[in-house]
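Good morning, everyone. Please look at the structure on the screen while I describe what can be read from it.

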Amino acid sequence: PPPRAPWGGRGGGGAGEGEGAEEDPAKLQRDLVAVKIKEAEMEEAVEKARLKEAEAATTRKSVAEQMRSQQAQVSDLLAQAEARLGTDPAFREVVARVDAAKAVLQKSSETSSQVDGDREELRSA
């Protein structure tokens, strides 16, 4: 007899070969059920993937909204602090001292550069 085909029928022939050319109805039914089960599993997996993506999108949107909200709060707090400090006499005094110290450092740097230049001039003379 001819070898069996992978789907359960006999190989080597087409329709009308006679006995053995037809599939076993019970096996066909089992194969159909197996295919339907696999199809349902695939559909379930696709639906789970869609749900996960929707959850991820919702999470991303929520996190972005929280970040925008926190950034707005920080900006507001910073503006309030700057407004309070701008009118605070103690803060203004500290800023004036820092500016004075910067001016002293700048003058000192210029004087040091001048002294270095004078020293070089005296050495070369």
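I shall speak about confidence, then the overall fold, then selected side chains.

Let me begin with a caution: what you see is a predicted model. The average pLDDT of the protein is 84, and 82% of the residues reach a score of at least 70. Where should we be careful? Over residues 13–19 the pLDDT stays under 50, and for this stretch the model has two contacts beyond four places in sequence.

I turn now to the fold. How many helices and strands does the protein have? There are two helices and zero strands. Helix H1 covers residues 25–87, and helix H2 covers residues 89–124. Of the 125 residues of the protein, 3% count as buried. The area that the protein exposes is about 11,000 Å², and carbon and sulfur atoms supply 59% of that area.

Next, the charged side chains. The protein has nine salt bridges, counted as a side-chain nitrogen of Lys or Arg within 4 Å of a carboxyl oxygen of Asp or Glu. I shall present some of them, following helix H1.

The pair I take up now is lysine 48 with glutamate 44, whose closest N and O atoms are 3.6 Å apart. Where do these partners sit relative to one another? They are four residues apart in helix H1, so about one helical turn separates lysine 48 from glutamate 44. Glutamate 44 has a relative accessibility of 44% and therefore counts as partly exposed.

Another salt bridge joins glutamate 47 to arginine 50, with 3.5 Å between the closest N and O atoms. Because glutamate 47 and arginine 50 are three residues apart in helix H1, about one helical turn lies between them. Are these two residues buried or exposed? Glutamate 47 is partly exposed at 38% relative accessibility, whereas arginine 50 is exposed, with a relative accessible area of 54%. The cut-off for exposed is over 50%, which is why arginine 50 receives that label.

Further along in the numbering, the side chains of glutamate 65 and arginine 68 form a salt bridge at 3.0 Å, N to O. Here too the partners are three residues apart in helix H1, and so they are separated by about one helical turn. Glutamate 65 is partly exposed at 47% relative accessibility, and arginine 68 is partly exposed with a relative accessible area of 47%.

Finally, I come to a nonpolar feature of the surface. Which residues make the nonpolar surface patch? Leu85, Phe91 and Val95 make a patch of about 210 Å². Phenylalanine 91 belongs to helix H2. Its relative accessible area is 34%, so phenylalanine 91 is partly exposed. A residue must have over 30% relative accessible area to join a patch, and phenylalanine 91 therefore qualifies on that count.

Thank you for your attention.

How values were computed: Residues numbered from 1 in each chain as written. Predicted model: local features only at pLDDT ≥ 70, side-chain atom pairs only at ≥ 80, totals over all residues. Heavy atoms only, no water. Patch = residues over 30% accessible without salt bridge, like charges linked within 9 Å, V, L, I, M, F, W, Y side chains within 5 Å. Areas by Shrake-Rupley, 256 points an atom, 1.4 Å probe, with all protein chains shown as cover. Buried < 20%, exposed > 50% of the residue type's maximum accessible area, 1.4 Å probe, protein only. pLDDT = per-residue confidence, 0-100. Contact = heavy atoms within 4.5 Å.
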